[in-house]
Amino acid sequence: MAEPGSPLAADSPLATTYAMLGSGAACVALVFRRITPVWAFGGTLAAAVLSISAGGGGVLSGMVTVMVALYALSLHRTAGVAAVGACAVTLVGAALTLAAGAGAKIVAGVAFQAAAMAAVVWVMGRSRRRRGAGRSAVSAYHAGSASVPRLAADAERRRLIAELHDVAAHRLTGIVVSAATATRLTDPELAAAATRHAAEAGRQAVMELDRLAGTGHRAATELDRLGEAVEPMAAVEPMTMEDIDVLVAEHIGLDYRRTAVGAPPEVISIAYRVVREALTNATRYAAGASRVRLDILAGHLVVTVTDEGGDAAASDLGTGNGLAGLRSAVHSVGGTFSAGLKDSGWEVRADVPLDPSVPTRRVSYVRPRLRRRMKAAADAATDEPVMARARRMADWRGPRALDGALVVLAIALTLGANLLPGDDLDPFATPLPGLLLALLFALHALPLGWRTNASRRGLAVTLASVLVWLCLDLAGWAGPPVSDMFLWCCWMELALLYAIGARTQSRDWPAPIVMAGVGGLALVSGDGITGDRPAAWLVLTAMLAVPAVAAWGLGRFVAARRRRRGTAVTRERDLLERVAAVAAAAERRRIVGGLRSTARRHAQRVVDGAEAGRLDVVLAEARAGLTALRELMEQERDDGGEPPHTVSGIAVLTARRGGAARYVGLRRPLHPAVEVTAYQVARELLAEGAAVAVTFLDGGVTVSGQSPTSGGRLRALVDAADGTLIVADDGSARVWLPEVSPT
C-alpha cells in the first residue's frame, strides 16, 4: 500500500480496484440523480474520492460526475441544499489535495478552482429550475384562462347576493315574522303594529332594492360603454358600537350587555353582521333571541347571540347563505366562528381580532398565552425589518444569484490559477505583492455583482482597475503584466457590456468603444508588441471593438425581445380582464332584471297591502318576495370546477374550504407566473388553515396563512419562484414572492 501523502501508481492493483469501485459508484449514483439527488450527490462525492485516489484519468472523470450530480441537486432541490453541496465540493477538493501532501498555496488554488466550477454549476441548475417553474406556471395560467369569466360572474353574483341578504331579505323576514305572529294571535293591537312595521320596512326594502338595481344598472351601462370596471358609487360611513345598540333595540325583551367600548370600523362591521343575522335567524327558526353579549377578551371582540328554542315562525324562508357568509367574513380577518346547539336552544359565537392583520388557525378556543404568541407572530410578520430580511433572502437565490456566482467565478479562477504552480514566476512568493495582486483581482471582479442594478458603474470600476494595473506595470512592479490579465479576464468586461445593453434604457453605445480603447491600452503595453505602439493600439482597439459591440448588441436584442414578450403578456392579461368584466356585467344585468320583475314588485305590494290594512296580503307578498330572492340567490351556483390559478381564484378556493381570503393593499395585475405561484402557495397554506391574506407590496406580493405540518412541498414551491418562507413559532407562515418574471 502507498504511504500517506503519496499518489498510488496508476497501474497498481490497488489503484485499479479504487478506479473500478469509483466508476461503479458514480454510475449507480448518476442513475438515481433525479429520484434522490441528495443521495446521488453524496455517492458521486464518494466515487470521486475513490477515483482521485486511483490517480491518472480518474481525477477528471470523478470531478465530471460530481458536477453532474451537483447540477441535478441544484435543479431538483432548494437553493440552500444546493449551496451546501457546492460548498462540499470545494471542501472535499481542498481536503483531498491536502491529504495528498500538497502545500498550502496549492490547496488554496484547488479550492478556488473547485469553488469556481461549483458556482457555475449551481447557477446553471438554479436558472433551469426557475425557467421550468415559470413555464409550468404560465401553462397553468393559460389553462385556467377559460374559467376567469365564470369566476368574475360568480364573484359579482356573490357580491350582489350578499347585499341582498343583508338588506332586503332581512326586511322581508321581519315583516313575515311580525305578520305571521299577529295573524296567529288575532290581537288587534298586535295586528296594527305589524301593519305599521310592514309599511315602514316594506318602503325601506323597496328603496334598497331600487338603489341596488339602479347602481347595478348604472355600473353595467358604464362598463358596456367603457369596457372596464368602475369604482363604487359612494363610500359607506363606518359603523360604530351605537349602530349595534340601535339594531338590538329593535328586538324587545333581549338580555343585552356590551362591555366593549370601541373597536376598528372593520371589526364593528363584522360584529354588526353577526348580531343582525343571528337575531333574524332566532326569530325565523325559534321564538327569538334571549341574550346578546359583546365583550373584549384577549385582544378579540367576542360576539355571542343565544336563543332558547321555541316554535319557529318562518323556518321555510331561509336562503342558506347567512351562516356561510358570516363564517367567511369572520375567517377573512383571522377570527373564529361557531354556530350550534346550546342547551335547549342555539348559540352563535364570533371571535374577531381587534388587529385583523394576519389570519390565524381556526380553533374553537385559544388560551390567552397562545393568543399573545399569535399576536406577536402577526406583528413580526408585518414588521418592515422582517420583510427586508425576506427580500434579501429572496435576492441571493433569485436572478441576482448569477451576479454573485460570476463574482465567485472571476475571483476563484484568477486567484486559483495564480496559486497553482506553473512556468511563470510565483506572484505570491512574497506577501506584499501577493496581497496587492489579490486586491487587484478583487477590484476587477467585484463589480460583476453590480451587473443587474448598476452595470455602467460596474464597467467603470472594472476599467479603472485595468488602468491602475497598467500604472503599476509602468512603475515596474513584480506582478503579472496587465496584458496577460486582460486576455485572461476580458470576459468580465464583456459580461458587463451585455448587462448594459440588456438593462439600461438610455443611449449607451459609447460603452463598448470605451471598453475596447482601455483594453487596447492594456494589450499594447505587453512585451510582445514592438514597433509603432499607437498604431498597434488602434488596431487592437478595432479588434476588441468587434466582441465588445457584439456583447452590447446581444444585450440590446435580448432586452427588445423581453419587451415584446412583456407587451404580449400585458395585452393578453388586459384582454382577459376585459372579458371578465363583460361577464360580470352580464351577471349583474341578469340579477338586476330578476329583482325588478320579482322581489321589487312583491315588496311594493307589501307596502300597498299594509297601507290598505290587509295583513293577509302583506304576509303573502312578503313570503313571495323572500321566495323570489331565494330562487334568485340559488341560480347558477358555483359548479365546483377548478378555479383559475390566479390571485382572484384564491377567494373561490378558500370559500370552498369553508374559509376566506383577505386582500390588503392596492390590487394590481401581476405576471402570470406570480399569479399562479401565489394561488399554489395559498392552496398549500389552506391545507390546515381557515384563511389566507394576500398583501400587495412594492416589488412583490405576500401570502400569509397557517403553515402545513409537512412543509416540504411549500418550501420547494416558494424556492422555485425565488421567494422566501417565514414560519413563526405558532405555525403561521408568510411567503414573499418577488414580482419578477421567472422566464
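## A buried arginine and its partner

With a relative accessibility of 1%, R126 counts as buried, because buried means under 20% relative accessible area (1.4 Å probe, protein chains only). D722 is buried too, at 2%. The side chains of these two residues, R126 and D722, meet in a salt bridge, 3.0 Å from N to O; the term stands for a side-chain nitrogen of Lys or Arg within 4 Å of a carboxyl oxygen of Asp or Glu.

R126 sits in helix α5 (residues 104-143) and D722 in the loop between α23 (712-720) and β9 (724-727), so their pairing ties together parts 596 residues apart in sequence. Helices (H or I, at least four residues) and strands (E, at least two) are DSSP runs, numbered from the N terminus.

## About the model

This is a predicted model, in which local features need pLDDT of at least 70, side-chain atom pairs count only at pLDDT 80 or more, and totals for chains, interfaces and linings use all residues. Residues are numbered from 1 along each chain as its sequence is written, and side-chain values use heavy atoms, with hydrogens and water left out.

## More salt bridges

D722 also forms a salt bridge with R130, with the closest N and O atoms 3.4 Å apart. Both D722 and R130 are buried.

Elsewhere, the side chains of E156 and R588 meet in a salt bridge of 2.7 Å, N to O. This pair links distant parts of the chain, with E156 in helix α6 (residues 148-166) and R588 in helix α19, 432 residues apart. Salt bridges that share partners join R126, R129, R130, D719 and D722 into one network.

Technical notes: Buried means under 20% relative accessible area, exposed over 50%, partly exposed in between (1.4 Å probe, protein chains only).
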